[in-house]
Structures are given as C-alpha cells and as structure tokens.
Amino acid sequence: MNTRGKTVWAALAAAALAATATGCTSHDTGSPTSASSAPAASPTPTPSLNFQAGAAGIGDPYYPTYGNGGYDVASYAIKVKYDPKTNRLNGDVTVTAAATADLSTFNLDLRGMTVRSVAVDEKPATQTRTGNELVITPDHGLATGVKFTVRVVYDGVPGSVTDPEVGKMGFFHTADGAFVVGEPESASLWFPVNDHPQDKATYDVQVTVPAGLTAISNGVPGPQQTEAGWTTWKWSESKPMASYLTTLAIGDYRVVNSTHKGKPVVLGVTKQLAKGAADTSMSHTVAIADYLESVFGAYPFDSYGGVVVKDDDLHFALECQSRPVYSAGFFRRGVNDSVVVHELAHQWFGDSVSVKTWQDIWLNEGFASYAEWLWAEHKHESTAQAIFDNVYKNSDASIWRTPPAKPGKKELFGDSPYDRGAMALHALRKAVGDKAFFEILKKWAEQKADGVATTDEFVTLAEQVSGKQLDAVFQAWLFGTKKPAKP
C-alpha cells in the first residue's frame, strides 16, 4: 500500500538537489496454513467424538477477530452480479477447504449483506450471524483432514469501513459502477471469506454487469459472454492470494490489453480522467516489472496489470495481486513511476511473500519503499544512499520511537514501517555488502514464494546468506526505540 505521495517524493527531490550539488547521479491447532500446504483428503476419516467449534479469529495480535480457525481454504469460486443503478450485489460463492481440526461449526467473515442459503457438501447447513461472523453448522461433523465445500448465496448493498490512519476502504460505489480496495480489510465486505493473509487461496471470479461496462479483477482474463443486456467477465488467479488483495473495478474504463513474456497484461484507467499522466504511468508497468525482476528474481504471477480508479474518499494505492489499484490522485501532478514501482514491488513482497501477522507489515512496506530508492538509482535520478541520508536527517522524531517490526496497530501504516523499514534494509546492505544483500532479497522472494513469513525468518536468512551475525543491525533498525547511529 502507498498512503503517501509525500515522503519519498520529498526525499527524491532533496536527494536530487544534493546529487546536483555534489556531482552525483544518482496458533493453535485450529489455525489455517497456506493453500499450498492444505492437508490431503482422508477417504475414511477416523470417527471423532470431540467435534468443536472452529475459532472465530485466527489470533492475529493486532486483529484477533480477523480470519477463522479450524480449516484451510484451497480455493474460492466467486460469482457476483452488480447493478450500479441500485448498488445491489447478488453473490454465489463456493469455498473449497480442508478441516484442520474436528469441527462441529466454523465461521466465515462477512460484513453486512443478507445470507439466503448455506450448504456444506451440497447439503443444507444452519447459519447464524454474530457481528461480522457467519457461523455455519453443517449437518455432520467435519473430521481433521476432510476436504469440504461451502456454498453461500447472498445479496445486499456492499459497504465500506473507515480506518483513522488509512481512511475509507472496502466497497466504493461510483457514478458508473464500483470498485473494491482496502487493507487490512476489504474482502469480507463483498464475499464470505477467511479474511487473513495466513489463509491464502486461489480464486476464480465471475462478475456480471450491465452490457457496456467493464469488470476487472485479479489474474488471467477469461472469455466474456453477453446475454439479455448483461455481460459476464471471468478472471482466474491460480497463485495463492491473501484475501485483502482481491479486487473488483466496475465501470467505464479505457482498457489496454497486451502480452508480455507470454503473459497477459491488463491496464485500465477510469474515463473519469482525461487521457494523460495516469495512462502514461500505467504504460510503464512492464518495464518497471522487468527491472524489479532483475533485482528480486522472477516475476511471481501469471499476469501483469494495474487499474486507476477515482473517488474523492480514496487516498491510497494498493498492491492487489497482479492488478494493483491506484487512486487517481497519485497522477494529479503528472506521471508517477514511483507509486507504480511501490505497488509492483509488493507483487514479490506482500503478495507472493505475505505477512504471517500484521505486525510484520514492514516486510511489505519497507521492501516496497526501498524498491522506490532502487528505481531512482536505476534511473540515475538519485542514489539509495542519498535518499537514505535525506530520510534519516529529516524524519520526525516519532519514527524512532516506533519499531518497524512492532509498530503497534495505530502505526501500522505510519512512517516507521515504510521509511524506517526501508532504512533498515539500507543499513543491512551497508553491513553485508551489495552482493550478499541482493542475494538475500532474491532468496527471500524465492524461498517464501506463495506463502507467509515473519521478521525472525528474514533475520535468520540474512545471517545465513551473509555469514554474519547481525543482531546489532536488526536490533537498532527494526526493534529499537532510539535513533540509531548512521551506518
């Protein structure tokens, strides 16, 4: 996510001036695992006499009610129909999962909406609502290891939530359609889901909208079909995806379709914007992705893209998997490659390698912010060192009181995970040298691909690759509460 448009631009500008002046160019057993490690089906499960309710939260220290325990989702098949005239959405979602505990009941996350029916393994199931939890009781217990399907049919007017730090997120209704974007929460506002990055899954999405409108989602586009004034758009994301990374963009868009390295590229810009800086910025997507691939390793997904949307209440960009969503405001001053770099870097760090708990958000934001510094270096606009020096010198004192690796819920999207997280990576680079540093980044992206990760795991890998004991570096830059000495 990029919530700013401020610190990096200021740093780049200051660094560029400096460069000119100096001549530089510059869990418990009920917790899910990743989709790739879902347990195999048990053809003849051992009978259990200890069926219990699955946990109503995954146990995240910052968001304890997010996600659910007792099962691991493998895939979602989402079918929705949306009418912009009424703002109503009709949904039919099938969740394929495996029990990781002996379940008598289990939960899905769903905000608002009216549930019309629930079936487990094609048999009617009982459902109740407790706050934002959809509590499902199948007609029989689900033993550990058993694969099962849940079909939920529902409808209503999807809503949004407001975070004091991020602002409005979720389902945005627009004059010509709608779009979905939000972190850490957005998915549960439009479909039933196990809403936490720990339970990544694959997705097939069918979106039916009035003929003439575009409907963009994640992954590889499928065939379109128009009937009786409605068009159904199909999208498929075959790599495990965290739920908050799912997106919809419905409306009147300029769409450019192409291929790059044999993969589809889908770029959309709302026609609410005159053709210009946003379109140009989107056209740089594959060139930026190619550069990042040279630094981080192979691009991790089967498609490329981006969508520019417009709503006065949207003040951020988000790394939606294979299809980042950008607020039009990022292009108000002209072409903005920096924000594109940030969200594309997240395809490696945040999307392919996702956080196990939200307190490790610096593994997403620090890496994406540092990618901006690397891009400036690559384009000879500045150097990572010059940008580091400027951010180190001019950062507010609060950044040093907030450890990037444990920022606290209120500072999850504050400056520390972004700017101090990026400074921590630069301090690591200085400590181990360029060769080891870039090897660390590539190995991290490769070894943790399609899964979840923690700060401790990154520290361990950095020490293994570099052959150095790095406690002092990481303690100072990731966990300390005082301004470290400049490396």
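# Reading a predicted fold, residue by residue

Tutor: Ser281 lies in helix α2, which covers residues 277-283, and we can begin there, keeping in mind that the model is predicted.

Student: At 0% relative accessibility, does Ser281 count as buried or exposed?

Tutor: The idea is to compare the relative accessible area with a cut-off, and a residue under 20% is called buried. Ser281 has 0% relative accessibility, so it counts as buried.

Student: With which residues is Ser281 in contact, leaving aside its neighbours within four places in sequence?

Tutor: Setting those sequence neighbours aside, Ser281 is in contact with Phe331, Val335, Asn336, Asp337 and Val340. A separation along the chain can also be set beside one in space: Ser281 and Val308 are 27 residues apart in sequence, while their C-alpha atoms are 9.9 Å apart.

Student: How many Å apart in space are Pro221 and Val193, which are 28 residues apart in sequence?

Tutor: For Pro221 and Val193 the C-alpha to C-alpha distance is 22 Å. Leu134 and Phe106 are likewise 28 residues apart in sequence, and their C-alpha atoms are 8.4 Å apart. Phe106 also appears among the contacts of Leu134, which include Leu108, Val115 and Val152 as well. Leu134 itself is in strand β8, residues 133-137, and is buried with a relative accessible area of 0%.

Student: And what does the model show around Pro221 in its strand β15?

Tutor: Strand β15 comprises residues 220-221, and Pro221 is partly exposed there, at a relative accessible area of 32%. Its contacts outside the four-place window are Lys234, Trp235, Pro264 and Val266. Lys234 and Trp235 are also touched by Val205, a residue of strand β13 that counts as buried at 6% relative accessibility. Val205 further touches Ile78, Ser217, Trp233 and Leu248, whereas Val205 and Val452, 247 residues apart along the chain, have C-alpha atoms separated by 23 Å.

Student: Turning to helices, how many Å apart are the end C-alpha atoms of α9, given its 14 residues?

Tutor: A helix can be checked by its rise, and at 1.5 Å a residue the 14 residues of α9, numbered 434-447, should span 20 Å; the end C-alpha atoms are 20 Å apart, so the two values agree. Helix α5 passes a similar check, since its 17 residues reach 23 Å from first C-alpha to last, close to the 24 Å expected at 1.5 Å a residue.

Student: Which residues of α9 are buried?

Tutor: It helps to recall the periodicity first: an α-helix has 3.6 residues a turn, so residues three or four places apart point the same way. In α9 the buried residues are Ala436, Phe437, Ile440, Leu441, Trp444 and Ala445. For α5, by contrast, 15 of the 17 residues are buried, so this helix is largely enclosed by the rest of the structure.

Student: What value of phi does His380 take just after α5?

Tutor: Just after α5, His380 takes a positive phi of about 60 degrees, although it is not a glycine. His380 sits in the loop between α5 and α6 (384-394) and, at 56% relative accessibility, counts as exposed. Ser322 also has a positive phi, of about 65 degrees, and is not a glycine; it is found in the loop between β21 (304-309) and β22 (325-327), yet Ser322 is buried, with a relative accessible area of 0%.

Student: Which residues does the cis peptide bond join?

Tutor: Here the angle to read is omega, which is about 10 degrees for the cis peptide bond joining Glu183 and Pro184. Pro184 lies in the loop between β12 (178-181) and β13 (201-210).

Student: Finally, what radius of gyration does the protein chain have, with its 487 residues?

Tutor: One compares the chain with a simple rule: a compact globule of 487 residues would have a radius of gyration near 23 Å, and the protein chain has 22 Å, which agrees. Its C-alpha atoms fill a box of roughly 70 × 50 × 40 Å along the principal axes, and its secondary structure comes to eleven helices and 24 strands. Buried residues make up 59% of the 487, and of an accessible surface of about 18500 Å², 51% belongs to carbon and sulfur atoms. As for charge, the mean positions of the 43 positive and 52 negative charges are 4 Å apart.

Technical notes: Residues are numbered from 1 along each chain as its sequence is written. This is a predicted model: local features need pLDDT of at least 70, side-chain atom pairs count only at pLDDT 80 or more; totals for chains, interfaces and linings use all residues. Side-chain values use heavy atoms; hydrogens and water are left out. Helices (H or I, at least four residues) and strands (E, at least two) are DSSP runs, numbered from the N terminus. Buried means under 20% relative accessible area, exposed over 50%, partly exposed in between (1.4 Å probe, protein chains only). Contact means heavy atoms within 4.5 Å. The radius of gyration is taken over C-alpha atoms; the globule rule is 2.2 Å times the number of residues to the power 0.38. Accessible areas come from the Shrake-Rupley method with a 1.4 Å probe; for residues, only the protein chains shown count as cover. Lys and Arg count as positive and Asp and Glu as negative; His and the chain ends are not counted. The place of a charge is taken as NZ of Lys, CZ of Arg, CG of Asp or CD of Glu.
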